[in-house]
Amino acid sequence: MPPSLARRFLRSSTLVLAALGYLALAACTPSNDNDWQGYVEGEYVYIASSQAGRLDRLSVLRGQQVASGAPLFMLESGDETAAQRQAQRQLSAAEAQLADIKSGKRPQEQEITRAQLAQAQTTATKAALQLSRDQIQFQAGGIAKQQLDDSRAAAETAAAQVRQWQSQLAVDRLPNREAQVRAQQAQVAAAQAVLEQADWKLAQKNVTATRSGLVFDTMYREGEWVAAGSPVLRMLPPENVKIRFFVPETVLGRLQVNQAVTLGCDGCQANVAAHISYISTESEYNPPIIYSNQSRAKLVYMIEARPAPADALKLHPGQPLEVRLP
């Protein structure tokens, strides 16, 4: 058994044995129907990381009260930091490629098309002027009809080339096909998901308190290797403090959930108020006996009560208490 687990087991066993010993002693102490012996118990929260790593920093001490959001511990995170940078760059590359696909051809390519269009427009202008002169010459009888037909064909060809380059320039300004855009958008979404996963893994190396409470115990020291999911510390939020006590069957019918009780202890400056949160439906024998009509009166039922979180800070797990009805 690792030393940290051995220490935790020893402390837990000591608390349980102390509480049971006190209850056994209290069972021999006479009490009235409105006064019972009980003890404090804590429902601990075990704080761990989903990732493995060396414990680089333990920010809290055993017995320390921490607030929600306070840093608890940090594991080494070199690999996760590198994975996050890689995911960020992959996302940037995918977004840049998507922007390029949406923008159509590059400005330099569009400039070449515009130059071709300007050349075609110049040729079309010259062909139109030549056609106009040949038409005048043909009417005066200065040229043959064949020459006029050649001029008309050249002008029409030049005008068609102008229209062709105008259409090409319009196409150059359009983005690529919609299917290519959708495919690249999917690549961007995938890269975004990889980055989110990398961010989450990195955040798991720096653990903070999700609730305020008492650092009841720490299981590792700085420099030790922590396996994934292995608790680094044990916390006790004040709302997880409860009181257990046992009542005979004859009293059970007078108790109900949410009923108020009063807690007293040695050294307490004032009584602490609590409310019953649970009533067991199963009877117990303490000490074990053989059931009979004569032993029926020795049946007891476990009751749990919870104080207000502010009052819970005054109580300690394993502490014996007196529970009374107000």
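Is Phe 216 buried or exposed? In this predicted model, Phe 216 has a relative accessibility of 18% and so counts as buried, the cut-off being under 20%.

**Aromatic pairs**

A pair of aromatic rings is described by the distance of the centres and the angle of the planes. The structure holds two aromatic pairs, set out below.

| Pair | Distance of centres | Angle of planes | Class |
|---|---|---|---|
| Trp 36 and Phe 245 | 5.8 Å | 20 degrees | stacked |
| Tyr 44 and Phe 216 | 4.7 Å | 50 degrees | tilted |

The pair of Trp 36 and Phe 245 links distant parts of the chain. Trp 36 belongs to strand β1 (residues 35–42) and Phe 245 to strand β10 (residues 241–248), with the two positions 209 residues apart in sequence. Trp 36 is buried, because its relative accessibility is 5%. Phe 245 is also buried, with a relative accessible area of 0%.

In the pair of Tyr 44 and Phe 216, Tyr 44 lies in the loop between β1 and β2 (45–47), while Phe 216 is in strand β7 (residues 213–218). These parts are 172 residues apart in sequence, so the pair ties them together. The ring of Tyr 44 has a further contact: the charged end of Arg 234 sits over it, 4.4 Å from the ring centre.

**The sheet**

Strand β7 is part of an open sheet of four strands, in the order β2-β9-β7-β4 and with antiparallel pairing. Strands β2 and β4 (65–66) form the edges, each pairing on one side only. Strand β2 is joined to strand β9 (residues 233–236) by three bridges, and the two run antiparallel. Ile 47 stands opposite Leu 233 of β9.

How values were computed: Residues numbered from 1 in each chain as written. Predicted model: local features only at pLDDT ≥ 70, side-chain atom pairs only at ≥ 80, totals over all residues. Heavy atoms only, no water. Phe/Tyr/Trp six-rings, centres within 6.5 Å; stacked < 30°, edge-to-face > 60°. Buried < 20%, exposed > 50% of the residue type's maximum accessible area, 1.4 Å probe, protein only. Lys NZ or Arg CZ within 6 Å of the ring centre and 35° of its normal. Pairing = 2+ DSSP bridges.
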